[in-house]
Amino acid sequence: MNDKDKEYNEFLEICNKGNENNPTQRQSAPQARTTARPGRYLSLKRMSAKKRKARRRKIAVVSVLALTVLVLIIVLICKSCAGGNYDNADLSGLWHYDQYTEYEFDGEGKGCMCLDGSNHFEFTYKAENSTLYLDFALDYVTDCQYTYTVAGDKLTLIGGKGTAEVGKVYELTLVKE
């Protein structure tokens with residue numbers, strides 16, 4: 001054995017003795033780069049500030065979305081509680097029943113029943129799901145409801161609660177809108 005081989009063996013023995021004395025010791029991980037590449041890595045302070053801004057931005061966006069959804073839900077609830085599907089505009093105009101009776105609907109919930117051209121009975125109305133509800137202003141005139149259909153210039157009313165004859169059919173013709 002030459003001198004080189006002896007040195008090599010001694011070196012291996014020293015290394016083996018060092019590993020036998022402390023077997024749990026691990027080699028340390030390579031150190032991270034200490035110099036940052038320009039524009040690539042930010043300092044820890046700068047990084048956390050950027051994360052804080054991103055977190056604030058995310059919270060603001062989520063808050064705005066939640067508020068929008070909440071407002072939408074409130075609007076839909078209010079719309080559903082406001083009543084039903086009123087279609088008062090279908091009835092707007094002056095409707096002629098016979099030579100003595102006319103009904104006038106303004107399309108916004110107010111109307112008048114005119115008898116003989118001299119007796120006028122004002123009412124409010126709502127048209128909901130093919131049912132017409134009349135609420136007369138005078139207390140001695142009975143409030144009533146009809147089932148109705150509109151086909152062109154014909155309004156068909158079928159007497160219901162509060163009418164003179166329940167089930168009687170009344171055909172009205174549109175005189176003017």
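A residue counts as exposed when its relative accessible area is over 50%. In this predicted model, Asp 3 has a relative accessible area of 58% and is therefore exposed. Asp 3 belongs to helix H1, which covers residues 3-21. Together with Glu 7, Glu 10 and Glu 13, Asp 3 forms a negative patch on the surface.

A patch of another kind, nonpolar in character, is built from Leu 67, Leu 70, Val 71, Ile 74 and Val 75, and its area is about 450 Å². One of its members, Val 75, sits in helix H2, a helix made of residues 44-81. With a relative accessible area of 47%, Val 75 is classed as partly exposed.

Thr 101 offers a view of the buried side of the model, as its relative accessibility is 11%. The cut-off for buried is under 20%, so the value of 11% places Thr 101 in that class. Thr 101 is part of strand S2, residues 101-105. Leaving aside residues up to four places away in sequence, Thr 101 is in contact with Trp 95, His 96, Met 113, Cys 114 and Leu 115.

Attention turns finally to the backbone of a loop. Asn 129 is located between strand S4 (119-128) and strand S5 (131-136), and Ser 130 lies in the loop between S4 and S5 as well. Phi is positive at Asn 129, near 50°, although the residue is not glycine. Ser 130 likewise is a residue other than glycine with a positive phi, here near 65°. As for accessibility, Asn 129 is exposed at 59%, while Ser 130 is partly exposed at 42%.

Definitions and conventions
Residues numbered from 1 in each chain as written. Predicted model: local features only at pLDDT ≥ 70, side-chain atom pairs only at ≥ 80, totals over all residues. Heavy atoms only, no water. Patch = residues over 30% accessible without salt bridge, like charges linked within 9 Å, V, L, I, M, F, W, Y side chains within 5 Å. Areas by Shrake-Rupley, 256 points an atom, 1.4 Å probe, with all protein chains shown as cover. Salt bridge = Lys/Arg side-chain N within 4 Å of Asp/Glu carboxyl O. Helix = DSSP H or I, 4+ residues; strand = E, 2+ residues; numbered from the N terminus. Buried < 20%, exposed > 50% of the residue type's maximum accessible area, 1.4 Å probe, protein only. Contact = heavy atoms within 4.5 Å. Lys, Arg positive; Asp, Glu negative; His and termini not counted. Charge placed at Lys NZ, Arg CZ, Asp CG, Glu CD.
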